[in-house]
Amino acid sequence: MMVELEQAVRLLLEERVVALPTETVYGLGGLATSKAAIAKIYAAKGRPQDNPLICHFLNAAHIQPYVSIVPGYWSSLVHAFSPGPVSYRLPLPEGSPLQPAVASQSTVACRIPDQPLCLEVIRQVGVPIAAPSANTSGKVSPTSAPMVEQDLGSEIAGVLDGGPCIYGLESTILDCCQEDNITILRPGAIGPDEITEVLAQQGFRKITVNYAKNSQRSVVPGNKYRHYAPDTQLCAVKDLTEIPKGLHAVVLMSQEQATARSWPTSLQPVILGSRHDLPHVAQHLYRHIKSVDEHDNTTAYYLIEDWGNSSLGRAIGNRLRRASQEKRRE
Ligand code: TXA
Ligand code: MG
C-alpha cells in the first residue's frame, strides 16, 4: 500500500515497518530502538537474525550521542560525504538504545541519507530509523516504489514513494573504528580516491584507506549470505560460447560488448549501459537484473565485463559477481 509522509510517520511511531526512499536503494524502515519494529523487519525480509541493520540519522549531531567514540577524521568525512551514500561503522556503547538493530554487534553502521522525504520522516519520528534494503533477503534491492510493492507489498505496513533512486547501489560501508586506518567493507559510489582526497585536504595524511581483504569479510555479517539474485538462475560467463548452442536465453552485458559482436538469434541481450557512463549503469542495474525474471527461461547469463577500477566500477562489478554464479562446469 502506498502511503503519504504523515501516514508513514504515524505507522513508524506505532512500531510498524514502512519502506522509505533513499538516494541509494529503498530501505525497509522501523524504529531502531524498538524490539517489536526490528522483529517485524527481520520477519518481512526473512533476514537471518545475525545480520545487523544500518541506522539512519538526521545529521552528525544526531549520531554523536549514540556512539561511544568517533575518530579524529570522522567529522571531515561526514562534512564531505553526508548526507550521502556512505555508512560509517562506529563503536556502540554498552546498553545502547540501538541494541535491537545491531544483532549483538558492538558497533553500529550509521548513515545520513540524501533524500528529502526520508530525512523529513527521520526528523518527525525523532528516533534513528533502522533500514536494510527493502527486499526479500537474498533478492535484488529495490530502486523504485513499485519494485518494493511487488516484492514485499503484502508483508509491510506501507511504501512511501519518493520516485526512483538516484544512485541505485547501496552505500559504501566504511569501518571507522580505528584512528589510523579506514577499511571499505562494502564498495559503493564513494571509494578510496575520494576519501583520501578529503583526508589530505584536512591534514589527515597518515590515515590509510583500503578495501577489505578476504580475511576481513566476516566483519560484515551479511557477506556470508547470497545477495542481489533474481528468481531465474543467473550464470556469469566469460564468453558467449559457454552458453549451449540454440538455447533461448537473456544475456546481461555492457553496451560495448553488445556492439562488438554478432548475435545468435536465440540470445536476447539486456544492455546494462556503457562502461563510460557508470552512474547510469548503477542507477538501472537492479531493474535490469530483475528483468530477467520477465522471460520464461530457466537460466539467464551475465557476460563478464571489466567495469574498471573506479569506486563505482568496482561496486558494479561486485554486485554483478554476487548476483550471478560462475557457470557450473558439468
Ligand atoms: O544504501 C544502503 O546502505 C541501504 C539503504 C536502505 O540505506 N541499506 C542497506 O542495508 O544496504 P542492508 O541491510 O541491505 O545491507 C547492510 C549491510 C549488511 O551486509 C550488514 O551485514 C552490514 O551492512 N552491516 C550493518 N551493520 C553493520 C555493523 N555494525 N558492522 C558490520 N556490518 C554491518
Ligand atoms: Mg541488502
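Visitor: Which elements each supply at least two residues of the lining of the second largest pocket?

Guide: In this predicted model, those are helix 10 (311-323) and strand 16 (325-326). Helix 10 gives the most, with three residues.

Visitor: What makes a residue part of that lining?

Guide: A lining residue has an atom within 4 Å of a point of the pocket. For the second largest pocket, eleven residues make up the lining, and Tyr-302, Ile-304, Glu-305, Gly-317 and Arg-321 lie nearest its centre. The pocket has a volume of about 180 Å³.

Visitor: How do the lining residues split by class?

Guide: Five are nonpolar, three polar and three charged. Take the ones nearest the centre, which include Tyr-302, Glu-305 and Gly-317: Tyr counts as nonpolar, Glu as charged and Gly as polar.

Visitor: On to the sheet. What makes strand 1 and strand 11 its edges?

Guide: Start with the order of this open sheet of eleven strands, which is 1-8-2-3-7-4-6-5-9-10-11, with mixed pairing. Strand 1 (2-3) and strand 11 (208-211) each have a single partner strand, so one side of each is left without a neighbour in the sheet.

Visitor: How do you know that strand 1 and strand 8 really pair?

Guide: Two strands pair if there are at least two bridges between them. Strand 1 and strand 8 (residues 158-160) have two bridges, in the parallel sense, so they meet that cut-off. As for a bridge partner, Val-3 has Leu-160 in strand 8.

Visitor: Why is Ser-104 called exposed?

Guide: Exposed means over 50% relative accessible area. Ser-104 has 79%, so the word fits. You'll find Ser-104 in the loop between strand 5 and strand 6 (107-111).

Visitor: And why is Tyr-228 called buried?

Guide: The cut-off for buried is under 20%. Tyr-228 has a relative accessible area of 3%, so Tyr-228 counts as buried. Its place is in the loop between strand 11 and strand 12 (233-237).

Visitor: What makes the backbone at Ser-104 and Tyr-228 worth a look?

Guide: Most residues other than glycine have a negative phi. Ser-104, though, has a positive phi near 70 degrees, and Tyr-228 has a positive phi near 60 degrees.

Visitor: Where is there a cis peptide bond?

Guide: Look between Ser-82 and Pro-83, where omega is about -5 degrees. Most peptide bonds are trans. Pro-83 is found in the loop between helix 4 (74-81) and strand 5 (86-91).

Definitions and conventions:
Residues numbered from 1 in each chain as written. Chains lettered and ligands numbered in written order. Predicted model: local features only at pLDDT ≥ 70, side-chain atom pairs only at ≥ 80, totals over all residues. Heavy atoms only, no water. 1 Å grid on protein atoms, 1.4 Å probe; cavity = no way out; pocket = protein on both sides within 12 Å on 5 of 7 lines; lining within 4 Å. Points joined across faces, edges and corners; volume = space filled by probe spheres on them. Helix = DSSP H or I, 4+ residues; strand = E, 2+ residues; numbered from the N terminus. Buried < 20%, exposed > 50% of the residue type's maximum accessible area, 1.4 Å probe, protein only.
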